[in-house]
Structure formats: structure tokens, C-alpha cells
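Biologist: Before we turn to the picture, could you take me through how one reads a model of this kind, beginning with a pair of packed helices?

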Amino acid sequence: MPKLSENQQSQRRSRILDAAEACFANTGFHRTSMQDICQSAGVSAGAVYLYFDSKEALITGISERDRAEIIENFTELAGAPDFAAGMREVMRSCILERPPHKSRLYLAIAAEATHNPAVARALSDCDSAIRGALAGILRRAEADGRIAPAIPVERIINLMSVIADGLFWRGAVMPGFDLAAAAADLLELVGSLLTRRDAQSSLENRAAE
């Protein structure tokens, strides 16, 4: 059998992760078998185990991929002259345009993390990396004068994390939940925290220069 190129291996690994995501989201972590994932991905068991030796390893791979995608989206926010517009773009790419099954997958991973140390570690590592990246961007924006936080950046990130978790939860379990409207409310709240009222005119003047 010819050896797969690096690009072919990357594509196969991605296909396996896609299959695992769909299976975990639709069937649940425990009801999904490695064979189910093999069949969904259209590969042999040997091909799956070459990259992932367990369902926990698949969860780690999914979390690492999501983390990289989200942090990459943050780069647009980092260089946005209009910080509010940058926030809207991040909200669009990271929440509004994410496939519906992602919310169900998040709940499945979170539930498993309550009693599975390996999954809990993967979830915690992903959360810490995303929060750290966002904190760095907000601190730089504050130093550049693009924002003037009303409370410490760490507290703003805590609030954003809690509310984002709620958006994913409601999107997964509440039929008819208006995610776009809730996301707009979140942006308005975060915007008010990132710009003190007494600094608003100063920021507007800088933007107009």
C-alpha cells in the first residue's frame, strides 16, 4: 500500500475528527463506539487507531482543532481599528455560523468531563488557551486606547465565558431559541463593559482622527 503524503494524512485525520464530532453529537459519548466512527469516516479501524487510540484521544483532537480555529478568528479582532466591528465578526464566525451539531457536541463533552479526567483536562486546556488569547487581545487593545474597560479584563472574560456557555446550551436544547438575538444582546453588554461612559467621547475622537 502506497504511503500517504503529509497532506493526505492531514485530510484523513480531519475526516476522522469530523466523523467523531457527528457521532458524539448525535449519539452521545458512551453510545458511540470506535467502530461507529470508523464507519462514519469511511476508514478502517487500523486507520483510526493510527491517529487516535481512544475516544478520549478523539475528544482531545476535536478540542485542539476547535481551539486553533477560534484563536485564529481572534486575529481579526486583534488588528481591528473598530473594536466593536471586530467583536461582531468574532461572534459571527465563532458562534452564529458554527454548525448546529457543535452545540450538542459541546454539551456531550461537558457532561463527560464531569467524571472523566482525560476529557476534563482536554476541555480545561481548550478553555484556558482561548481565555488567555482573548485576555492578551483585550489588554493590547486597552494599551492602544481602542477600549477603556469599566472593570478588569479578567472579569469581563469570565462574564463572556459564562454567557457563551449559556448560548451553546440553549442552542442545543431549546427549540426556537433565537441565537442571533441573544448574541446581539451579548455584544451590547460586552461593549458597555469595554467602554466606560466617561471615555466614550475620547475613543470616538481617536477613531475619527
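Modeller: Two packed helices are described by the angle between their axes and the distance between the axes. In this predicted model, helix 5 (residues 83-96) and helix 9 (residues 179-194) pack at about 145 degrees with axes 11 Å apart. Helices here are DSSP runs (H or I, at least four residues; strands are E, at least two), numbered from the N terminus, while axes are lines fitted to C-alpha atoms, for helices over the stretch in contact, and angles run from 0 to 180 degrees between N-to-C directions.

Biologist: Which residues of helix 5 and helix 9 meet?

Modeller: Contact means heavy atoms within 4.5 Å, and by that rule Phe83, Met87, Arg88, Met91, Ile95 and Leu96 in helix 5 meet Leu179, Ala180, Ala183, Leu186, Leu187, Val190 and Leu194 in helix 9.

Biologist: How far should I trust the model, and what conventions apply?

Modeller: Residues are numbered from 1 along each chain as its sequence is written, and side-chain values use heavy atoms, without hydrogens and water. Local features need pLDDT of at least 70 and side-chain atom pairs count only at pLDDT 80 or more, whereas totals for chains, interfaces and linings use all residues. The predictor's confidence in each residue, pLDDT, runs from 0 to 100; its mean for the protein is 87, with 92% of residues at 70 or more. Among the elements, helix 2 (residues 34-41) has the highest mean, 95, and helix 10 (residues 200-208) the lowest, 48. Over residues 197-204 pLDDT stays under 50, and the model has 7 contacts there beyond four places in sequence.

Biologist: How many helices and strands does the protein have?

Modeller: There are 10 helices and 0 strands, and the C-alpha atoms fill a box of roughly 65 × 40 × 30 Å along the principal axes.

Biologist: Which helices each supply at least two residues of the lining of the largest pocket?

Modeller: Helix 4 (55-78), helix 5, helix 6 (101-113), helix 7 (117-144), helix 8 (153-173) and helix 9 each do so.
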